[in-house]
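Colleague: Got a minute to walk me through this one?

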Amino acid sequence: MNTHIVIAIDGPAGSGKSTVAKLIAKKLGIVYIDTGAMYRALAYKAYTMDISFEDEKSIAKLAEAIEIELEGEKVLLDGIRVDGHIRMPVINENVSKVAKIRQVRDIMVMHQREMGKKRSVVMDGRDIGTHVFPNASYKFFLVADIDERARRRSLELIQKGYEVEFGEIKAELENRDMQDSTREASPLIKASDALEIDTTSKTPEEVADTIIRLVRTEE
Ligand code: CDP
């Protein structure tokens with residue numbers, strides 16, 4: 001790959017963004033940036049400090065004070081690995097409250113733009129194609145049936161040793177999608193020039209290969 005490219009992958013929770021983005025990064029030898037992990041790390045920090053998820057002022061202050069670094073799969077919060085903690089149910093249930101705070105988004109987006117400035121990246125999130133990199137070289141919007149998304153998320157949590165109730169997981173995803181889509185600051189929305197891919201009955205490999213094929217033909 002001779003040029004600097006940004007592949008933006010947005011979509012609702014459980015649509016397969018991160019699995020697909022990781023595969024693309026591996027196959028193309030570019031960097032994967034999980035922007036959701038940044039909002040999750042902040043939510044986790046608030047949780048460990050007993051700051052209420054509703055306390056927007058304190059959370060905005062916290063966002064200014066902490067340092068979040070992404071190194072491949074590793075998520076470092078003030079130098080300490082937290083990727084083992086940021087996907088626990090309490091964070092799933094509350095991360096959108098943290099992510100809707102405008103000052104928080106401004107700080108995160110600044111870092112994300114910095115990360116994608118000098119090297120080729122595949123970045124996944126909710127607002128990458130619409131706000132973080134509106135001029136991204138390639139934009140995709142992944143969707144999938146709610147039952148399939150809940151099934152995927154349940155499996156993920158079971159593998160991590162959590163006890164899950166399918167109905168609760170489904171309700172959590174629906175609730176988060178609603179919060180992410182209706183917030184004022186850069187809501188989850190498909191960019192007009194993004195290509196929508198329904199991943200319901202496709203494997204991550206198939207979706208990644210479709211995207212890679214499109215990237216390669218346009219290169
Ligand atoms: O993996 P999953 O799709 O469940 O979520 P995630 O990508 O880890 O993102 C977690 C949450 O962070 C989302 O529900 C959004 O509230 C927020 N987020 C965001 O607002 N903007 C982004 N670019 C990425 C995530």
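Modeller: Sure, we can go through the ligand site, then the cores, then the annotation. Keep in mind that this is a predicted model.

Colleague: OK, ligand first. How many residues surround the ligand, and which are the closest?

Modeller: There are 20 around the ligand, and the closest are Arg-40, Arg-105, Arg-153, Arg-176 and Asp-180.

Colleague: How far is a polar side-chain atom of Arg-40 from an oxygen atom of the ligand?

Modeller: For Arg-40 that distance is 2.6 Å. Asp-180 also has a polar side-chain atom 2.6 Å from a ligand oxygen, and for Arg-183 the figure is 2.8 Å.

Colleague: And how much of the ligand's accessible area does the protein cover?

Modeller: The protein covers 97% of the 530 Å² that the ligand has on its own.

Colleague: Switching to the inside: which residues touch the most other members of the largest nonpolar core?

Modeller: Those are Leu-42, Ile-59, Ile-68, Val-75 and Val-104, in a core of 41 residues. Helix H2, residues 35–48, gives the largest share of this core with 8 residues.

Colleague: What is Val-75 in contact with, leaving aside its neighbours within four places in sequence?

Modeller: Its partners include Ala-37, Ala-41, Ile-68, Leu-70, Ile-80, Val-82 and Ile-86. Glu-69, Arg-81 and Asp-83 are also among the residues that Val-75 contacts. Apart from the largest core lies another one of 21 residues, with Ile-5, Ile-9, Leu-28 and Tyr-138 among them.

Colleague: Last thing, what feature does UniProt place at residues 7–216?

Modeller: The unreviewed UniProt entry lists "domain: Cytidylate kinase" there. Over residues 7–216 the chain is 52% helix and 16% strand, with the end C-alpha atoms 12 Å apart.

Terms used:
Residues numbered from 1 in each chain as written. Predicted model: local features only at pLDDT ≥ 70, side-chain atom pairs only at ≥ 80, totals over all residues. Heavy atoms only, no water. Core = buried A, V, L, I, M, F, W, Y, C linked by side-chain atoms within 4.5 Å. Buried < 20%, exposed > 50% of the residue type's maximum accessible area, 1.4 Å probe, protein only. Helix = DSSP H or I, 4+ residues; strand = E, 2+ residues; numbered from the N terminus. Contact = heavy atoms within 4.5 Å. Near = heavy atom within 4 Å. Polar contact = N/O pair within 3.5 Å; in protein donor to acceptor, adjacent residues only side chain to side chain. Areas by Shrake-Rupley, 256 points an atom, 1.4 Å probe, with all protein chains shown as cover. UniProt positions renumbered as here; feature names shortened; annotations may be inferred.
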